[in-house]
Amino acid sequence: MSFESSLTNREKIALGLTESHLSPVQSNGHQQLLHSEVLSDWQGLVASAKDDNIDLCIASGFRSFERQQMIWNNKANGLRPVRDANDQTINIASVTKAQLLKHILHWSALPGASRHHWGTDIDVFAPSMLNQPLQLEPWEYEQDGPMAQLGQWLSENLTAHGFFLPYQQYNGGVAREPWHISHISQSQALTNTLSFDLLQQTIANHDIGLKAEVLASLDNIYTQYITNIEKHSL
């Protein structure tokens, strides 16, 4: 029996290995995929934003395991820029594999551990506020940034519609992401499914860059970069 065939459908959802739970949604002229149980709350959030003259749109919704694996491996193999915590591009030949792993994790989720796998998490922006291409950088959503109004609105209105900001502050793991919203109830259910053992088995059974380093430090990765998010409540 192959590894994937041994998984339940819910485990496949948690790992980004299926699209069975997703529904298409149009946003800013593009089709995106969201968890079917999130769609109604997302539409309510968009309508509420529109009432306040904010055109809330999706920059990124569902992301498959395969897509996250490609992003990760390209960084691990030097085919895509890797930045440090100060947002400066590093020369990967000048750092150890352990250091490289830490740099990648600061900005990019481990394949199998991305909240975007679930369809419950959405990177959002407001096209009308842009005066240059969107970069999804924290400064864009802070005071004097082009998305400052949206950043403030999200902080004040998300919970009423069933969402929260898992990376509102930097807590020593994933970099601050004021654009990344998460559906409270559905993401919590999938957080419970994504156990350490399941993730460990998944990494062991896939072609993941820096696999040996990942497996050797997975305990720390799990607590520092996966479960280390902002608290929330309905």
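How many bridges join strand 3 to strand 4, and which way do the two run? Hi everyone, let me start there. Three is the count: 3 bridges join strand 3, residues 57-60, to strand 4, and the two run antiparallel. Before I go on, please keep in mind that this is a predicted model.

Let's stay with strand 4 for a moment. On its other pairing, 3 bridges connect strand 4 to strand 6, residues 180-183, again antiparallel. Asp123 is a handy landmark here: Ser60 stands opposite Asp123 in the pairing with strand 3, and His180 of strand 6 stands opposite Asp123 too. Strand 4 itself covers residues 121-125, and 5 of its 5 residues are buried. If you look at the side chains, Asp121, Asp123 and Phe125 point one way, while Ile122 and Val124 point the other way. So both faces are covered, in the sense that a residue under 20% relative accessible area is called buried, and all five of these residues are.

Now to the nonpolar cores. In general, nonpolar side chains in soluble globular proteins tend to be buried together. Here, the largest nonpolar core has 36 residues, and those with the most contacts inside it are Trp72, Leu110, Leu194, Leu199, Val214 and Ile221. Among the elements giving two or more residues to this core are helix 1 (9-15), helix 3 (65-76), helix 4 (97-107) and helix 9 (218-226). Helix 9 gives the most, with 5 residues. As for Ile221, leaving aside residues up to four places away in sequence, Ile221 touches Leu101, Leu105, Leu110, Val214 and Ile226. Apart from this core lies another one, of 26 residues, among them Trp42, Leu56, Ala126 and Leu165.

Where do aromatic rings pair up? A search of the whole structure finds 2 aromatic pairs. In one of them, the rings of Tyr141 and Trp179 have centres 5.7 Å apart and planes at 45°, so the pair is tilted. Tyr141 sits in the loop between strand 4 and helix 5, and Trp179 in the loop between strand 5 and strand 6, so to speak a link between distant parts of the chain, 38 residues apart. Tyr141 and Trp179 are both buried.

The other pair is Phe196 with Tyr222: ring centres 5.8 Å apart and planes at 85°, so this one is edge-to-face. Phe196 belongs to helix 7 and Tyr222 to helix 9, with their positions 26 residues apart in sequence. Tyr222 counts as buried because its relative accessibility is 16%. There is also a charge and a ring to show you: the charged end of Arg83 sits over the ring of Trp107, 4.1 Å from its centre.

On to helix 6. Its buried residues are Ile184, Gln186, Ser187, Leu190 and Thr193. What covers them includes helix 1, strand 2, strand 4, strand 5, strand 6 and helix 7, which brings us back to the strand I opened with.

Last, two backbone spots to check on your screens. Asp144 is not a glycine, yet its phi is positive, near 75°. Asp144 lies in the loop between strand 4 and helix 5, and counts as exposed because its relative accessibility is 76%. Leu210 has a positive phi as well, about 60°, and is found in the loop between helix 7 and helix 8. Buried or exposed, this Leu210? Buried, because its relative accessible area is 12%. Thanks for listening!

Methods: Residues are numbered from 1 along each chain as its sequence is written. This is a predicted model: local features need pLDDT of at least 70, side-chain atom pairs count only at pLDDT 80 or more; totals for chains, interfaces and linings use all residues. Side-chain values use heavy atoms; hydrogens and water are left out. Buried means under 20% relative accessible area, exposed over 50%, partly exposed in between (1.4 Å probe, protein chains only). Helices (H or I, at least four residues) and strands (E, at least two) are DSSP runs, numbered from the N terminus. Two strands pair if DSSP finds at least two bridges between them. A nonpolar core is a set of buried Ala, Val, Leu, Ile, Met, Phe, Trp, Tyr and Cys residues joined through side-chain atoms within 4.5 Å. Contact means heavy atoms within 4.5 Å. Rings of Phe, Tyr and Trp (its six-membered ring) pair if their centres lie within 6.5 Å; planes under 30 degrees apart count as stacked, over 60 as edge-to-face and the rest as tilted. A charge sits over a ring if NZ of Lys or CZ of Arg is within 6 Å of the ring centre and within 35 degrees of the ring normal.
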